[in-house]
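Hi everyone, thanks for making time this morning. I'd like to walk you through one structure, mostly by way of its aromatic rings and one of its strands. Let me put it on the screen.

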Amino acid sequence: TYSDFTRTIFLREGRPQNSSLGNIAEGDLMPCLSVQVAIRLSPKLSVAPFALYLGHKGRLFENDRYVFGVTSFNDVEKRYTFPAANELRAFTAGATFRYHIIRQETVQGYLGAGLAYLSRSHTYRELLTVDFSASSDILGQSQEFVTSNKQALGVPLVGGLEFKVSQRVLLGVQLQAQFHPNLEDRLVTGTLLIRKRI
């Protein structure tokens, strides 16, 4: 979910018909790269500084459908979609404190929370204008794109499981959700971990 806003304006033969303004409520699935170090503080507690980068070029608004039903001047129902290119680059770094709820010889499980800094750049469609004929055919359309750069402090919540595969190597999975009090952006990542004990 983004804290950026997009506007849609529909015209009917050049005259305003309706418009809408709202934040972009959908997001893309994208690859990410994460590096972290876990430092044991006690048998149950650890702290894990981390850095995470993600970047993606995709498309938004593919599921937004605009339907014009059958009327006296519209012989058949007409449906339109107006997808648009979307590009996101984000970097976040911080640390989480973890409480190990499972600590066995071959498996460990933890929950945690912390503090992180987020910097991101988002290129998206800010304005879509479409002009329809009286019979709801498209006469013309235009799009305006902007790049929004924002920074924020966030609260990451994490949970994970790690499995021992050798004396020094662990494989794991981790889910992290990051929330930002002064930004509507939400970052949710699922990570496959390879951790080496030093």
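Let's begin with two residues you can pick out right away: F68 and Y80 are both buried. Before I go further, please keep in mind that this is a predicted model. The mean pLDDT over the chain is 89, and 97% of the residues score at least 70. Confidence is highest in β9, with a mean of 95, and lowest in strand β12, residues 183-196, where the mean is 83. As a general reminder, where pLDDT is low, the predicted coordinates should not be read in detail.

Now, the rings. How many aromatic pairs does a search of the whole structure find? It finds eight. One of them is F68 with Y80: the ring centres are 6.1 Å apart and the planes sit at 70 degrees, so this pair is edge-to-face. Since F68 belongs to strand β6, residues 65-68, and Y80 to strand β7, residues 78-81, the pair ties together parts that are 12 residues apart in sequence.

F68 has a second partner here, F132. Their ring centres are 4.8 Å apart with the planes at 55 degrees, so we call that pair tilted. This one links distant parts of the chain, from F68 in β6 to F132 in strand β9, residues 107-132, which is 64 residues away.

Are F68 and F132 buried or exposed? F68 has a relative accessibility of 13%, so it counts as buried. F132 is buried as well, with a relative accessible area of 0%. Stepping back, F68, Y80 and F132 belong to one aromatic cluster, together with F10, Y66 and F82.

That brings me to strand β1, residues 5-12. Six of its eight residues are buried, so β1 is largely enclosed by the rest of the structure. Which way does β1 run relative to strand β2, residues 15-23? The two are antiparallel and joined by eight bridges, with R12 standing opposite R15 in β2. They make a hairpin with two residues between the strands, and E13 in that turn has a positive phi of about 55 degrees.

β1 also pairs with β9, this time in parallel, through six bridges. Here F10, one of the cluster members, stands opposite V130 in β9. And β9 is also the strand that holds F132.

That's my tour, and I'm happy to rotate the view for anyone who wants another look.

Technical notes. Residues numbered from 1 in each chain as written. Predicted model: local features only at pLDDT ≥ 70, side-chain atom pairs only at ≥ 80, totals over all residues. Heavy atoms only, no water. Phe/Tyr/Trp six-rings, centres within 6.5 Å; stacked < 30°, edge-to-face > 60°. Helix = DSSP H or I, 4+ residues; strand = E, 2+ residues; numbered from the N terminus. Buried < 20%, exposed > 50% of the residue type's maximum accessible area, 1.4 Å probe, protein only. pLDDT = per-residue confidence, 0-100. Pairing = 2+ DSSP bridges.
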